[in-house]
Amino acid sequence: MKILVCVKQVPATDSRIKPAADGITIDPAGLEYVINPYDEIAVEEALRIKEKLGGEVVAVGIGGARAEEGLRTCLALGCDRARILKDDSRLATDAQSVATLLAAIIRAESPDLVLMGKQAVDDDQMAVPSMVAELLDWPQATVVVKLEIAPDGKTATAEREIEGAVEVLALQLPAVISSQKGLNEPRYASLKGIMAAKKKAVEPVDASTLGLADSLALVRTTAVSPPPPRPEGRRLDGDADSQVRELVRLLHEDYKVI
Amino acid sequence: MSTILVVAEQRGGSMKKTAHEALSQARRMADASGGRVVAVIAGSGIKGLAPEAARFGADHVYLADHSDLADYSTEGYTLVAQRAFQMSAADLVLMGASAMGKDMAPRLAARLKLAYLPDVVELTGSGALVSAVRPMYAGKVRVSVQPTDGTRAFVTLRPNVFRPLPVEGRTATTEAVDTAGLSIRARVVDTRAEAAGRVELTEADVIVSGGRGIKGPESFAMIQELADAFGGALGASRAVVDAGWIDHSHQVGQTGKTVSPGLYVACGISGAIQHLAGMSSSKIIVAINKDGEAPIFKVADIGLVGDLFDIIPKLTAEVKRIRAS
Ligand SMILES: Cc1cc2nc3c(=O)[nH]c(=O)nc-3n(C[C@H](O)[C@H](O)[C@H](O)COP(=O)(O)OP(=O)(O)OC[C@H]3O[C@@H](n4cnc5c(N)ncnc54)[C@H](O)[C@@H]3O)c2cc1C
Ligand SMILES: Nc1ncnc2c1ncn2[C@@H]1O[C@H](COP(=O)(O)O)[C@@H](O)[C@H]1O
C-alpha cells in the first residue's frame, strides 16, 4: 500500500505569538518550529500501516527551508521518501491554494491513502484535508481517533470524534484521513533512523510541472492583531466559606450566569 | 437583493444551537442591508424543522428529506448544500463551526470556489462584501480576513459567540431539494454516544475543568458534581488527559478543544500557555488554585487562592442551593 502524509512546520505550541510590524503577518523573531503535532500522529499512523501491510510512505510538505527540516525528521522516523514544494513565488497563501497544490502532487504520486493532521496549529483552519478530498473526488474521514485498513487495502473503518460521540465510518479507499489526538502515540526518531536519513534526500517538487501558474488564493488577510485584553480580575479573600459565598453572589447578582 | 444561505445543522431530528446562531446572524445582516435569508436542512423526516428555521430568521427553507440522509455524511450533505446554493444563487454562506461544519464546509468551499473563512468570532459587511475576524494560534492573535475581489465567501461561526434570537410568528416558505444521485462512499455504520445527557464541551454555557491539582482520577467525580450543579460540561488540562485520568475528548487547549462558554471554572490548573489558548475567550473565568502566583490568575476575572478540596464541595452545595431557589 502506498501512503502519502502531508506535513507542515508550525511554531512550537509554547511560543509567544505577536503581530509583526507590518500588521498583517506574525513576528518571526525567536520562534522555534516543530512538526505540527497532529501531523506527527499522521506520520506515525502511516508507518504503522506500512509495518502491518507493507508498502511505501511518502511525506510531502509545502513551505520554505523550515519545511525541509520537518521532512528530514520524517525520513529519520522511517518514511521512505520525502518531497518538498518550495513555495518561493508564494502561490500558497490560503487553505484553498495549499489544497490545490497538494492535490496536484497527490495526483502525480497516486497513493492508495492520504493522511494529514486534523488541523495545523498555526492558522487553525481545519480546512486542507476536506479540500484535498474534494479536489481529488475522494471520500474523507476527518478528526479520526481510530483507523483500521482492510488487509486488501480497498476499504477502511474510521472512528471520528464529534460533539459528545464517536462516529464509526465505513469508507472506500483511496481516501483522505485526518488525525486527531488519541489515534496513536508518535514514536521518536532512533539514532539509526537519523543516520539512515542523512543518506536520503528531500526531493524537490518542480512547481512548474503542476500546471498551476497564478496565485490561487481566494482569501486575503487585512490585519493581524493581539486578542482583546481581558478586564482586570479580582481576588476573593477570607476562608473557603466566605470565598464561596462571595463567588456565588458575584456569579448570581453581578454576572447573572447562575 | 442579496441572499444569505445558512446550512442549518440537525442531528437526530433536532436542530443544533449553532444553526440557531447562524440563522440569527444571517437575519441581522440581511435586515441591515435589505437582503433575504434562506436555509437548507438535510436529513430524514426533517420537514417539521422548517418553522424552527423560520423563527430564528429564515425566509425560505430548502428541505432535503431522504432515508440516505438520516445519518450525516460529508458527501451526501455537501451535495444537498451545493444544490441549495445553486437554487438560491446565494452571495454568502453561513454555517456553525461545529464538527459537521468543520468537516463539510471546506469541502463545499473547494467545490464552489468560495473563500473559506472558518471559525469566525466577528462578521461584518453585506452581500458578497464581508470581512471577518478569526482567532489563530489558538487565540494568541486574531486575523482579519476577506474574500479576494469577486469571490463569494463561506463563513463558519464559532459556537457560543453569535446570539440566537427567535421571533415567534415568523414564517417561511419551503421547497424540496432534489436528492437523486447521492453517492456516499464514506458511510456512518455506528454512532457511540458518550454518557447520555451530558453537555458537550464546545456547546456548553458553563465548563468546569480539573487539572493536576485534583491529585487523582477519583476526584473527577467531585469536578463532575460541580459541573452538574451548574448544568455545565466537564473539561480537563492535558496533564490529566496524558496521565490517563480522563478521556481526551475533555481536553481544553491548543491541542484539545477551543471553548468560549459564558463561565469557565479552572480547578487546580496552572494556566500553561497551551491551556489558556483554548479557554481565554470565555466570557467569565474563575480560577481556584492554591498557588497565588499561578499564571491562570492572569486571565481570571475572579480568583480564589486556596485548597480546591475545601472550596469545591462548598461551592457545589451553594450553587445547587441558588439554582434550586
Ligand atoms: C505540544 C503541546 C501541546 C499542549 N497542549 C495542551 C492543551 O491543549 N491543553 C492543556 O491543558 N495543556 C497542553 N499542554 C500542556 C501544558 O504545557 C501544561 O503542561 C498543562 O496544561 C499543565 O496541566 P495542569 O495545569 O493540570 O498541571 P500543572 O501545571 O501541574 O498545575 C497544577 C496546578 O494545580 C495547583 N494545585 C495543586 N494542588 C492544589 C490544591 N489542593 N488546590 C488548589 N490548587 C492546587 C497547583 O498550584 C498548580 O498550579 C501542551 C503541551 C505541549 C508541549
Ligand atoms: N503547507 C502545508 N504542507 C503540507 N501539509 C499541509 C500544509 N498545510 C496544511 N497541511 C496539512 O493539512 C492539515 C490541516 O491543516 P489546516 O487545514 O491548515 O488546519 C495539516 O495537519 C497538514 O497535514
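**View 1. Polar contacts of ligand 1 in the predicted model.** In this predicted model, an N or O atom in the side chain of B:Asn289 lies 2.7 Å from an oxygen atom of ligand 1. The side chain of B:Gln251 also places an N or O atom 2.8 Å from an oxygen atom of the ligand. With B:Asp307 the ligand atom is a nitrogen, and a polar side-chain atom of this residue is 3.0 Å away from that nitrogen. Ligand 1 taken alone exposes 1000 Å², and the protein buries 79% of that area.

**View 2. The pocket that holds ligand 1.** Ligand 1 sits in the second largest pocket. Three elements of chain B give two or more residues each to the shell around the ligand: α6 (238–242), α7 (273–279) and α9 (308–324).

**View 3. The residues around ligand 1.** The ligand has 27 residues around it, and those that come nearest are B:Ser237, B:Thr255, B:Ser270, B:Gln274 and B:Asn289. Sorted by class, the shell consists of 15 polar, 6 charged and 6 nonpolar residues. The site is shared between chains, because residues from both A and B surround ligand 1.

**View 4. A salt bridge in chain A.** A:Arg81 and A:Glu203 form a salt bridge through their side chains, with an N to O distance of 3.1 Å. A:Arg81 belongs to strand β5 (residues 81–86) and A:Glu203 to strand β11 (residues 202–204), so the pair ties together parts of chain A that are 122 residues apart in sequence. Over all chains, the structure holds 43 salt bridges.

Conventions:
Residues numbered from 1 in each chain as written. Chains lettered and ligands numbered in written order. Predicted model: local features only at pLDDT ≥ 70, side-chain atom pairs only at ≥ 80, totals over all residues. Heavy atoms only, no water. Near = heavy atom within 4 Å. Polar contact = N/O pair within 3.5 Å; in protein donor to acceptor, adjacent residues only side chain to side chain. Areas by Shrake-Rupley, 256 points an atom, 1.4 Å probe, with all protein chains shown as cover. 1 Å grid on protein atoms, 1.4 Å probe; cavity = no way out; pocket = protein on both sides within 12 Å on 5 of 7 lines; lining within 4 Å. Sits in = over half its atoms within 2 Å of the grid points. Helix = DSSP H or I, 4+ residues; strand = E, 2+ residues; numbered from the N terminus. Nonpolar A, V, L, I, M, F, W, Y, C, P; charged D, E, K, R; others polar. Salt bridge = Lys/Arg side-chain N within 4 Å of Asp/Glu carboxyl O.
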